[in-house]
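Trainee: Could we go through this model together? I would like to learn how the descriptive words follow from the values.

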Amino acid sequence: MNFLAHAWLARGGNDAFLYGNMIADGVKGDPGAGWPAEIARGIRHHRRVDAWVDAHAVIREVRARAPRPQRRVVGIALDLVWDHFVARDHADAALIARCYRVLESQGTAPDRLAPMVPVLIEDDWLTRYADFEFTCRAIAGLGRRLSGPNRLAELVPWLRTDYSALERDFRQLWPALNQALSAD
């Protein structure tokens with residue numbers, strides 16, 4: 001799950017909790033050190049969601065289907081693909097506006113995310129993820145920030161070919177995740 005999916009899952013919390021969920025991938029170590037309590041709670045929630053998703057059988061199946069050279073990075077691409085399906089199927093303009101407001105008002109994002117946040121807001125990524133071609137360009141662009149060959153860009157043709165199966169995977173994963181979170 002990426003920005004939008006995590007925001008959707010955290011939408012019932014306060015703004016600090018939502019912010020923590022959105023910036024968690026940029027935070028290293030114990031979030032209790034240096035972050036206000038509600039932001040730290042959001043970071044922990046994000047990490048719990050990621051752990052649940054990564055351990056799910058659907059994700060193991062997707063990883064097994066992915067081309068071998070890109071299996072190490074397929075999880076990064078899947079985070080954005082899940083955002084695509086959330087944006088496409090669960091569009092919520094009010095939530096997206098809230099996300100942008102929260103990202104702008106909470107101060108500077110962690111160093112790893114700080115340069116990306118203004119662009120994300122200005123170019124309306126959370127809405128544009130509904131367009132799969134935009135999502136694919138975002139995946140390839142993210143791969144340029146990693147060292148070595150752009151394995152994420154190499155993965156894009158497979159994502160296009162496997163789109164129907166990925167959609168089916170999301171339709172299994174998303175309700176199961178929401179049910180698991182509601183049981184907590």
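Trainee: Which residues is H46 in contact with, leaving aside its neighbours within four places in sequence?

Mentor: In this predicted model, H46 is in contact with H6, N21, A24 and D25. H46 itself has its place in helix α3, residues 37-55.

Trainee: Is H46 buried or exposed, and how do you know?

Mentor: Set the value against the cut-off. Buried means under 20% relative accessible area. H46 has 2% relative accessibility, so H46 counts as buried.

Trainee: And R98, buried or exposed?

Mentor: The reasoning runs along the same track. R98, in helix α6 (residues 93-105), has 17% relative accessibility, which is under the 20% cut-off, so R98 counts as buried.

Trainee: What does R98 touch, not counting residues up to four places away in sequence?

Mentor: R98 touches R11, G13, N14, D15 and L18. With G13 we can also give a distance: a polar atom of the R98 side chain lies 2.6 Å from the backbone oxygen of G13.

Trainee: Why is D124 called partly exposed?

Mentor: Partly exposed is the class between buried, under 20%, and exposed, over 50%. D124 has a relative accessible area of 26%, so D124 falls in between. You will find D124 in the loop between α7 (116-122) and α8 (125-128). D124 also has a positive phi of about 55 degrees although it is not a glycine.

Trainee: What makes α2 largely enclosed by the rest of the structure?

Mentor: Look at its residues: seven of the nine are buried, so α2 is largely enclosed. The buried ones are F17, L18, Y19, G20, N21, M22 and I23. They pack against α1, α3 and α6.

Trainee: Let us take one of them. How do you know that F17 is buried?

Mentor: F17 has 6% relative accessibility, which is under 20%, so F17 counts as buried. Not counting residues up to four places away in sequence, F17 touches A10, E38, R41, G42 and H45.

Trainee: What happens at the start of α2?

Mentor: There, a side-chain oxygen of N14 reaches to within 3.2 Å of the backbone nitrogen of A16.

Trainee: Now for pairs of helices. Why is α1 called oblique to α11?

Mentor: Helix α1 (residues 3-10) and helix α11 (residues 163-183) pack at an angle of about 40 degrees, with their axes 11 Å apart. Angles under 35 degrees count as roughly parallel, and 65 to 115 as roughly perpendicular. The angle of about 40 degrees belongs to neither class, so α1 is oblique to α11.

Trainee: Which residues make that contact?

Mentor: A5, W8 and L9 of α1 meet W174, L177, N178 and L181 of α11. By class, there are six nonpolar residues, one polar and no charged. The crossing of α1 past α11 is right-handed.

Trainee: And what makes α3 oblique to α4?

Mentor: α3 and helix α4 (residues 57-65) pack at an angle of about 60 degrees, with their axes 5 Å apart. Roughly perpendicular covers 65 to 115 degrees and roughly parallel means under 35, so about 60 degrees makes α3 oblique to α4.

Trainee: Which residues meet there?

Mentor: V53, D54 and A55 in α3 meet A57, I59, R60 and R63 in α4. This contact has four nonpolar, no polar and three charged residues.

Conventions
Residues numbered from 1 in each chain as written. Predicted model: local features only at pLDDT ≥ 70, side-chain atom pairs only at ≥ 80, totals over all residues. Heavy atoms only, no water. Axes fitted to C-alpha atoms, helices over the stretch in contact; angles between N-to-C directions. Helix = DSSP H or I, 4+ residues; strand = E, 2+ residues; numbered from the N terminus. Parallel < 35°, antiparallel > 145°, perpendicular 65-115°, else oblique. Left-handed = near helix turned anticlockwise from the far one by under 90°. Contact = heavy atoms within 4.5 Å. Nonpolar A, V, L, I, M, F, W, Y, C, P; charged D, E, K, R; others polar. Buried < 20%, exposed > 50% of the residue type's maximum accessible area, 1.4 Å probe, protein only. Polar contact = N/O pair within 3.5 Å; in protein donor to acceptor, adjacent residues only side chain to side chain.
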